[in-house]
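Dear colleague,

I am handing over the structure we spoke about, together with some notes on what I found in it. Please keep the structure open beside this message as you read, and take the notes one part at a time.

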Amino acid sequence: MTHRRMRSARFAISFVATLLCFANTAQAGPPLICHPIEIGQAKSLPWISHNWNLSGGENYDTKNLVRDTLEILAPDTAVLIRMETLRRATLYARKDPLAAKELLARLDARATSAESSGHPDALAWFDVGYLAETYKQWLGQNLPRMTDGMRMDPNPAAGVDGYALVKKALGLRTHSQNGDDPQMEFAAALITLSGPQIDHREHAKKAMAGAKSDPLLAQNLATHFIGPRSETMAQLLAKN
């Protein structure tokens with residue numbers, strides 16, 4: 001009887017810990033915003049904070065946001081760097097709705113122009129889609145303890161299916177490279193954390209497989225979602 005009670009107690013503790021883990025992850029905030037992407041020494045938008053929050057020490061002039069972001073998103077810029085740059089751009093964009101709207105429009109125009117010329121650009125479509133999904137998690141959202149007192153301007157990405165554009169980019173990328181793009185699969189896995197589950201599992205599986213030959217992607221999968229007690233990104237992706 002005692003052994004059985006101890007086993008039940010251990011199960012209860014484990015169950016509660018699991019619930020708390022899910023709760024903590026949910027409370028941590030939107031994944032495309034709250035979790036910084038490791039990019040090593042690569043150039044991105046200037047940043048002082050170590051997480052999602054603008055600490056107040058940033059004196060970046062958002063009048064330069066569109067120009068600087070487009071400059072960083074060059075054809076030879078890796079997907080992970082694009083993800084972190086678009087994350088930072090989104091955080092800055094909340095302070096400047098005109099810049100937010102212009103950035104999305106310029107990225108869309110770039111992708112559409114390449115498509116119209118008969119040379120569809122996978123990375124250009126990825127940028128539009130990933131920015132749209134990142135906007136949806138931050139702009140126009142009222143997130144308790146995260147956005148109190150922040151302005152609530154309309155989201156310029158409302159109605160844009162960013163995930164569909166990322167999937168389009170994946171198709172173009174796979175065709176041009178004759179194989180998967182693990183970093184882009186990682187981005188798609190983050191976007192689909194809340195579903196669709198079948199797509200999420202496929203993206204996560206391809207990202208983890210590709211990380212075996214991509215040290216920077218492997219480093220990102222090994223980082224904790226938010227804080228040392230949270231799950232690693234690999235655990236978070238696999239769990240969902």
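The largest nonpolar core has 64 residues, and the ones with the most contacts inside this core are Met83, Phe126, Tyr130, Tyr135, Phe186 and Leu190. Please bear in mind from the start that this is a predicted model.

Met83 is a good residue from which to explore that core. Leaving aside its neighbours within four places in sequence, Met83 is in contact with Ile37, Phe126, Tyr130, Gln183, Phe186, Ala187 and Leu190. Several of these partners appear again where two helices meet, since helix H4 (residues 79-93) and helix H8 (residues 182-191) pack with their axes 8 Å apart and at an angle of about 35°. On the side of H4 the contact is made by Val79, Leu80 and Met83, while H8 contributes Gln183, Met184, Phe186, Ala187 and Leu190. Sorted by character, the residues of this contact between H4 and H8 comprise seven nonpolar ones, one polar one and no charged ones.

For the overall picture, the protein has eleven helices and zero strands, so that you will read the pattern α-α-α-α-α-α-α-α-α-α-α along its sequence. Of its 240 residues, 46% count as buried, and the protein exposes about 12600 Å², of which carbon and sulfur atoms supply 55%. Among the contacts in the protein with a separation of 6 or more, 69% are accounted for by residues 24 or more positions apart.

Met233, which is found in helix H11 (residues 233-239), gives one example of such a distant pairing. Met233 and His35 are 198 residues apart in sequence, and their C-alpha atoms are 9.3 Å apart in space. Not counting residues up to four places away in sequence, Met233 touches His35, Leu190, Asn220, Leu221, Thr223 and Phe225. Met233 is counted as buried because its relative accessible area is 0%, and the cut-off for that word is under 20%.

The loops deserve some attention as well. Thr77 has its place in the loop between helix H3 (65-72) and H4, and yet Thr77 is buried, with a relative accessible area of 13%. Beyond residues up to four places away in sequence, Thr77 touches Ile72, Arg82 and Leu123. Asn178, placed in the loop between helix H7 (162-177) and H8, is by contrast exposed, with a relative accessible area of 73%.

Two points of backbone geometry are worth checking on your screen. Most residues other than glycine have a negative phi, and most peptide bonds are trans. Asn178, although it is not a glycine, has a positive phi of about 55°. The peptide bond from Gly195 to Pro196 is cis, with omega near 0°, and Pro196 lies in the loop between H8 and helix H9 (197-210).

Finally, how far does the confidence of the prediction reach, and what is the mean pLDDT of the protein? The mean is 86, and 83% of the residues reach 70 or more. Over residues 1-27, however, the pLDDT is below 50, and beyond near neighbours in sequence this stretch has six contacts in the model. Where pLDDT is low, the predicted coordinates should not be read in detail.

With best wishes

How values were computed
Residues numbered from 1 in each chain as written. Predicted model: local features only at pLDDT ≥ 70, side-chain atom pairs only at ≥ 80, totals over all residues. Heavy atoms only, no water. Axes fitted to C-alpha atoms, helices over the stretch in contact; angles between N-to-C directions. Helix = DSSP H or I, 4+ residues; strand = E, 2+ residues; numbered from the N terminus. Contact = heavy atoms within 4.5 Å. Nonpolar A, V, L, I, M, F, W, Y, C, P; charged D, E, K, R; others polar. Buried < 20%, exposed > 50% of the residue type's maximum accessible area, 1.4 Å probe, protein only. Areas by Shrake-Rupley, 256 points an atom, 1.4 Å probe, with all protein chains shown as cover. Core = buried A, V, L, I, M, F, W, Y, C linked by side-chain atoms within 4.5 Å. pLDDT = per-residue confidence, 0-100.
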